[in-house]
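Me: I am new to this structure. Please take a close look at one part of it, the sheet and what lies against it, and follow the aromatic rings from there.

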Amino acid sequence: MAERSSWSLSGALRGMFAKKTIDDETWDDLEDALITADFGPDLTEAIVADLRTKVARYNTTDPKDLQRMLREGIEERLARFDTTLKLSDRPAVVLVVGVNGVGKTTTIGKFAKFLGNYGRSVLVGAADTFRAAAVDQLATWAERAGASIVRPQQQGQDPASVAFQTIERAKLEGFEIVLIDTAGRLQTKGGLMDELTKIRRVIEKQAPIAEVLLVLDATTGQNGLAQAEAFVEHAGVTGLVLTKLDGSAKGGFVLSVQDKTGIPIKLVGQGEGIGDLTGFTPHVFAQQLVG
């Protein structure tokens, strides 16, 4: 396992691009590296085909050119999506969705801290009312982030009513941004989506919803996306948050998830600390990924 986690795309590419010339082995190695980094077969094929065309067009045999073209190609693919967070409404209401276990609660704490660093006042709504532990955990993270929280008045309280109370308090006390945690699992998938629809309806009577952010664990790759597909389909997701994006071992997932869903990545978490969630910048990411 340790060996797997120490592998990185940029490391694998470094050796490849240090060679004197582009040859058949270069293309095989590049394909293997992209697949290992979780780009998925379709995207890998498209990227390699695109690079082969460019290498032929510019008639180059220099691996450094190939490195630059790969970096620019990845950046270009990522930049097709608008990664800006839309938080200009007051209050700007953000619904945070995702299956349990992806780090949704910690992400909300980190996001509250991220917003607080920009001087924004943040109110968190604990609308995942079915898990007492989730409410306590969220309260701990909100406190660490310097954010206020609206907790359920009793366990199992209707999540939509907690969301309602949160918006009510935000308007009353002038909070700029509201982050609402939602359940990641109910008895049935349909039940969960109905619950989200109800929460949305209740919120929208009081304020527009600025963003619906879906949290995905980057280390679970395509499996995590398959689990989250119901949210993509029914929850009106406007942006993705990738957690546990440690280095570039699974970096290809960033491209393949945007490609598959058509939804931009807006935030990335690259560590466990409260300050480890940042906005997503295609240029910086492509640089980190390819070197």
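Reply: What follows starts with the sheet, moves to the helices across it, and ends with the rings.

Keep in mind that this is a predicted model.

Begin with the sheet. It is open and has eight strands. Their order is β3-β2-β4-β1-β5-β6-β7-β8, and the pairing is mixed. In general, strands of a sheet pair through backbone hydrogen bonds, in either a parallel or an antiparallel sense. The edges of this sheet are β3 (148-150) and β8 (277-279). Each has a single partner strand, so one side of each lacks a neighbour in the sheet. On average, neighbouring strands are turned by 25° against each other, direction ignored.

Look at one edge. Here β3 pairs with strand β2, residues 122-126. The sense is parallel, and the pairing runs over three bridges. Take Leu123 as an example: its bridge partner in β3 is Ser148.

Now add the helices. Helix α6 lies across β1 (92-97), β2, β4 (177-181), β5 (209-217), β6 (239-243), β7 (265-269) and β8. It runs at about 175° to β4. Helix α10, residues 221-234, lies across β1 and β5. The angle between α10 and β5 is about 150°.

Next come the rings. How many aromatic pairs does the structure hold? There are three. One of them joins Phe111 and Phe114, with ring centres 6.2 Å apart. Their planes stand at 35°, and because stacked needs under 30 degrees and edge-to-face over 60, this pair counts as tilted.

Both residues belong to α6, which spans residues 104-117. They are three residues apart there, so about one helical turn separates them. Are they buried or exposed? Phe111 has 2% relative accessibility, so it counts as buried. Phe114 has a relative accessible area of 15% and is buried because the cut-off is under 20%.

Phe280 and Phe285 form another tilted pair. Their rings lie 5.4 Å apart, centre to centre, with 55° between the planes. Both of these residues are buried.

Go back to Phe111 and Phe114. Ring pairs link them with Tyr118 into a cluster.

One more ring deserves a look, that of Trp141. The charged end of Arg144 sits over it. The distance to the ring centre is 4.4 Å.

Terms used
Residues are numbered from 1 along each chain as its sequence is written. This is a predicted model: local features need pLDDT of at least 70, side-chain atom pairs count only at pLDDT 80 or more; totals for chains, interfaces and linings use all residues. Side-chain values use heavy atoms; hydrogens and water are left out. Rings of Phe, Tyr and Trp (its six-membered ring) pair if their centres lie within 6.5 Å; planes under 30 degrees apart count as stacked, over 60 as edge-to-face and the rest as tilted. Helices (H or I, at least four residues) and strands (E, at least two) are DSSP runs, numbered from the N terminus. Buried means under 20% relative accessible area, exposed over 50%, partly exposed in between (1.4 Å probe, protein chains only). A charge sits over a ring if NZ of Lys or CZ of Arg is within 6 Å of the ring centre and within 35 degrees of the ring normal. Two strands pair if DSSP finds at least two bridges between them. Axes are lines fitted to C-alpha atoms, for helices over the stretch in contact, and angles run from 0 to 180 degrees between N-to-C directions. Contact means heavy atoms within 4.5 Å.
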